[in-house]
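Before a label is placed on any part of a model, it helps to ask what the label rests on. Please look through the structure below with that in mind.

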Amino acid sequence: MPKTVVIPPGTGKPLAPYVPGTLADGVLYVSGTLPLDAEANVVHVGDAGAQARHVLETIKGVVEAAGGSMDDVTFNHVFLKDWADYAAINAVYAEYFPGEKPARYCIQCGLVKPDALVEIASVAHLGRDG
């Protein structure tokens with residue numbers, strides 16, 4: 001099956017061997033996204049809501065670079081460092097998915113960068129071949 005790598009302009013070097021997104025058979029898979037700047041430094045340290053906004057803006061950039069919109073997102077994998085941040089992250093999350101919400105799961109876990117409070121990976125159905 002052919003696939004297309006999706007790397008939005010201005011994307012920094014990844015922390016590991018992966019790309020921001022891969023489009024195959026009309027489905028876009030967005031890699032786990034941390035609140036990182038172009039130099040892989042954590043942004044908005046200590047502010048879960050601001051980190052969630054940064055992560056979702058990054059995901060939005062990948063989805064749009066593939067020709068989609070956030071309305072095309074059908075599933076999110078949400079990883080939280082601390083359940084105490086659940087409400088703050090959900091408040092921002094709801095802004096990006098104001099209508100029908102995508103399916104998702106949310107777990108608490110350690111993240112690869114100690115100052116990161118949230119990581120999200122997404123799946124979007126764009127309805128065309130990649």
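The questions and answers that follow concern a predicted model, and each sets a computed value beside the rule that gives it its name.

Q: What makes the protein count as agreeing with a compact globule in its radius of gyration?
A: A compact globule of 130 residues would have a radius of gyration near 14 Å, and the protein has 14 Å, which agrees. The C-alpha atoms fill a box of roughly 40 × 35 × 20 Å along the principal axes, and 43% of the 130 residues count as buried.

Q: Which elements does the protein have, and how do they run from the N terminus on?
A: The protein has two helices and six strands, and their order from the N terminus is β-β-β-α-β-α-β-β. As for contacts between residues at least 6 apart in sequence, 70% join residues at least 24 apart.

Q: How do you know that Cys106 and Cys109 do not form a disulfide?
A: A disulfide requires two cysteine sulfur atoms within 2.5 Å, whereas the sulfur of Cys106 has its closest cysteine sulfur in Cys109 at 8.9 Å, which is too far for a bond. Seen from the other side, Cys109 finds its closest cysteine sulfur in Cys106, again at 8.9 Å. In keeping with this, the structure holds zero disulfides.

Q: Why is Cys109 called partly exposed?
A: The partly exposed class lies between the limits of under 20% for buried and over 50% for exposed, and Cys109, with a relative accessibility of 23%, therefore counts as partly exposed.

Q: Why is the contact between Glu95 and Arg53 called a salt bridge?
A: The name requires a side-chain nitrogen of Lys or Arg within 4 Å of a carboxyl oxygen of Asp or Glu, and the side chains of Glu95 and Arg53 meet at 2.7 Å, N to O, so the pair qualifies. The two residues belong to distant parts of the chain, since Glu95 is in helix H2 (residues 86–96) and Arg53 is in helix H1 (residues 48–65), 42 residues apart. The structure holds one salt bridge.

Q: Are the partners Glu95 and Arg53 buried, exposed or partly exposed?
A: Glu95 has a relative accessibility of 48% and counts as partly exposed, and Arg53, at 33%, is partly exposed as well.

Q: What makes Tyr18 suitable for a nonpolar surface patch?
A: Members of a patch need over 30% relative accessible area, and Tyr18, which is partly exposed, has 35%. Together with Leu15 and Val112, Tyr18 makes a nonpolar surface patch of about 280 Å². Tyr18 lies in the loop between strand S1 (3–6) and strand S2 (21–24).

Q: What makes the phi values of Ala40 and His44 worth a remark?
A: Most residues other than glycine have a negative phi. Ala40, however, has a positive phi near 65°, and His44 has a positive phi near 55°. The loop between strand S3 (27–33) and H1 holds Ala40, and His44 is found in the loop between S3 and H1 as well.

Q: Why is Ala40 called buried while His44 is called partly exposed?
A: The limit for buried is under 20% relative accessible area, and Ala40 has 13%, so Ala40 counts as buried. His44, at 41%, counts as partly exposed, because this value falls between the limits of 20% and 50%.

Methods:
Residues are numbered from 1 along each chain as its sequence is written. This is a predicted model: local features need pLDDT of at least 70, side-chain atom pairs count only at pLDDT 80 or more; totals for chains, interfaces and linings use all residues. Side-chain values use heavy atoms; hydrogens and water are left out. Buried means under 20% relative accessible area, exposed over 50%, partly exposed in between (1.4 Å probe, protein chains only). Patches are made of residues with over 30% relative accessible area and no salt bridge: like charges are joined within 9 Å, nonpolar side chains (Val, Leu, Ile, Met, Phe, Trp, Tyr) within 5 Å. Accessible areas come from the Shrake-Rupley method with a 1.4 Å probe; for residues, only the protein chains shown count as cover. Helices (H or I, at least four residues) and strands (E, at least two) are DSSP runs, numbered from the N terminus. The radius of gyration is taken over C-alpha atoms; the globule rule is 2.2 Å times the number of residues to the power 0.38. Contact means heavy atoms within 4.5 Å.
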